[in-house]
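I opened this notebook to record what I looked up, beginning with the surroundings of the DNA and then turning to a sheet.

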Protein chains: 2
Amino acid sequence: MTKKTSLTDVAELAGVSRTTVSYVLNHVTTIHISEKTRQRVLDAARELHYHPNASARSLAQQRTLTLGLVLCTSHNRLRTDAFLPAVLYGVSSITAPAGYRMLVQVLEEDATSPDTYINLVHEARIDGIILAGVRSDDPQLPKLRAENFPVVIWGQLPGNDFPFVDVDNVRAAQMAVEHLVSLGHQRIACITNTSLRSHESADRLRGYQTALRAHDLPLDDSLVGYGNHSAYSGFEAMRSLLALSERPSAVFAASDVMALGALRAARDAGLRVPHDLALVGFDDVQFAEYVVPSLTTVQVPAQAIGATAARMVLDIIQTGNRPAPILLETELVIRESCGAQL
Amino acid sequence: MTKKTSLTDVAELAGVSRTTVSYVLNHVTTIHISEKTRQRVLDAARELHYHPNASARSLAQQRTLTLGLVLCTSHNRLRTDAFLPAVLYGVSSITAPAGYRMLVQVLEEDATSPDTYINLVHEARIDGIILAGVRSDDPQLPKLRAENFPVVIWGQLPGNDFPFVDVDNVRAAQMAVEHLVSLGHQRIACITNTSLRSHESADRLRGYQTALRAHDLPLDDSLVGYGNHSAYSGFEAMRSLLALSERPSAVFAASDVMALGALRAARDAGLRVPHDLALVGFDDVQFAEYVVPSLTTVQVPAQAIGATAARMVLDIIQTGNRPAPILLETELVIRESCGAQL
DNA sequence: CTGAAAGCGCTTACAG
DNA sequence: CTGAAAGCGCTTACAG
């Protein structure tokens, strides 16, 4: 690799001091520089294809113009996470125009490695961080708080006061289940996750229970199946539910991916959805609209989650204020699998 | 934020010079340091929670321990890219243990912004780069080559000699189509992409044509539909194919996502897959196994693509040698949609 | 085996 | 309006 050109080279070519070059290239407005000098500097920089060294700049300015995006997840989940790309895009759509780079770190759920995200902070690699799927008992969290580092969490963490962005999982799940109730179902099952990941799964389960209670329907533990986010786990959970002596007439799955597996299981059991069994999912990932029958599901604004989280960290970085948490709206998308269109 | 502790603080507490601290913490082996001194330094570092500043280190060492992952894609495609998370995981699974960070940059296909990936290089933010989906006429490519910067491309780019990792799209598509031929189909359609993105789409189309030719089947332009990676485009393409006076008896879709849309269109037209129409996809994304009928498809090793690309760049960085291109194996996964199991 | 010193490439008060 | 100089926090020949 050829030697990079530096500020000094530009200064020499333009016949000015390095200070002046720095001022010109950084558009410093507190100081007036003659138009002629300015042009000389710009021309020299262009001629030499000058690009300031990011490390040197970060060191001097004490900021990196880089944001960390930390994904706490199991690799099995990550590999098939239909939700992630949209979130990634959302983050990127905000950071890029703002001049920030995005450092992505994958953190396996069971990782015991000491080299986790807190090092990004301690090594001053990033100016702010977005945490997805952290558990509330993560030992690094208190440190972040103690250092008053700009952080936004995707998901809700009871017991601490970090700014977060999320959807109201309880309420969304409740509405999905109430939709099934409104269609006349009395025996409604739920397939949710056992994941320790944030409180998403627990909240969706709670929403399900709240809906039943609100309509004086009995809560029956045997009607709750547990999965692990995979389609296969949805498949298995559905099989168990269908094996019950008194099987449910409707099922609320806490993710579309599990609903997909559940759909398969219903078909394999010879049941027609929605005629013999109603099904509602959660997330509204792409395939939900196209599978047969198309999935009635709760639409979660993935891109907006990413964009909002990014906006919030940038806000903290720039103003120093902690923004209020944001709950984004969800919407129940009625399609074929619930039977409302029959 | 409290002031970070620096090398100097550690040196003072341990009662040694900064040089010694640096040697100890970097495990420099060319120089022997007394065990006693070593311990004093390590203790001091631990006591002060010392973490070396990444920018300072990068500046001094002239390397960042960071890899760039550049995704050239349309945002519509990115948002629903079921393939990406596995690739991301693949990259991360190699870089993380090697001590490298991953900087992800999304590059919209139609972006005219000057601030594209070449700046990552010029600003010395990264030590190597993985490019996904670059077009061979990308104007930044020659610069990368001229600067002899470590780069690996995911996908093949005729007309330049960068190291790359890919699958043999022509061959894989050919085998998929030959499978349909072997089932007795004579009138086989193809749904592919118009994307300018690398040569993936063109290659899959070529594989389709090669298969037909190899079996003396006529090539019929009206049997080729073009999509844009979205499920909806697959849906539309299939509708057009079904509207032909002489409709195909089998369809090869160049991606599972488009196959999903195609499946829907077939159902809406009252056709049963595979009884009335055989269908084969490409990619083997998660839902392929669960939709009804499950998709016969070409399995592409997404995680291995990411991991291999990462290994290749690290190799270039560490040895300076340009590795040979790597073509990963694909496999035709026979499921229900092709009718082989009837 | 250890330390003083130069250097990495920038920014930014401060003096003029 | 411009420049000499200190500083950001490391690494690394070099001298002892």
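Before the first entry I note that helices, of at least four residues, and strands, of at least two, are DSSP runs numbered from the N terminus. I also note that this is a predicted model.

Entry one: DNA strand C. I looked up which residues surround DNA strand C and found 27. The closest are A:Ser6, A:Leu7, A:Ser22 and A:Ala60, together with B:His32. I then sorted the residues of this surface by character: twelve are polar, eleven nonpolar and four charged.

Entry two: the helices near DNA strand C. Which helices each supply at least two residues of the surface near DNA strand C? In chain A they are helix H2 (18-25) and helix H4 (54-61), and in chain B they are likewise helix H2 (18-25) and helix H4 (54-61). I recorded H4(A) as giving the most, with five residues.

Entry three: a sheet in chain B. I traced an open sheet of six strands with mixed pairing, in the order E7-E6-E8-E9-E10-E12. Strand E7 (224-227) and strand E12 (331-333) of chain B are the edge strands, each pairing on one side only. From one strand to the next, the twist averages 20°.

Entry four: one pair of strands. I found that strand E6 (residues 188-193) of chain B pairs with E7(B) in the parallel sense over four bridges. B:Ile191 has B:Gly225 in E7(B) as its bridge partner.

Entry five: helices across the sheet. Helix H11 (residues 231-242) of chain B lies across E6, E7 and strand E8 (250-253) of chain B, and runs at about 160° to E7(B). Helix H12 (residues 256-268) of chain B lies across E6, E7, E8, strand E9 (278-283) and strand E10 (296-299) of chain B, at about 155° to E9(B).

Methods:
Residues numbered from 1 in each chain as written. Chains lettered and ligands numbered in written order. Predicted model: local features only at pLDDT ≥ 70, side-chain atom pairs only at ≥ 80, totals over all residues. Near = placed C-beta within 6 Å. Nonpolar A, V, L, I, M, F, W, Y, C, P; charged D, E, K, R; others polar. Pairing = 2+ DSSP bridges. Axes fitted to C-alpha atoms, helices over the stretch in contact; angles between N-to-C directions. Contact = placed C-beta atoms within 7 Å.
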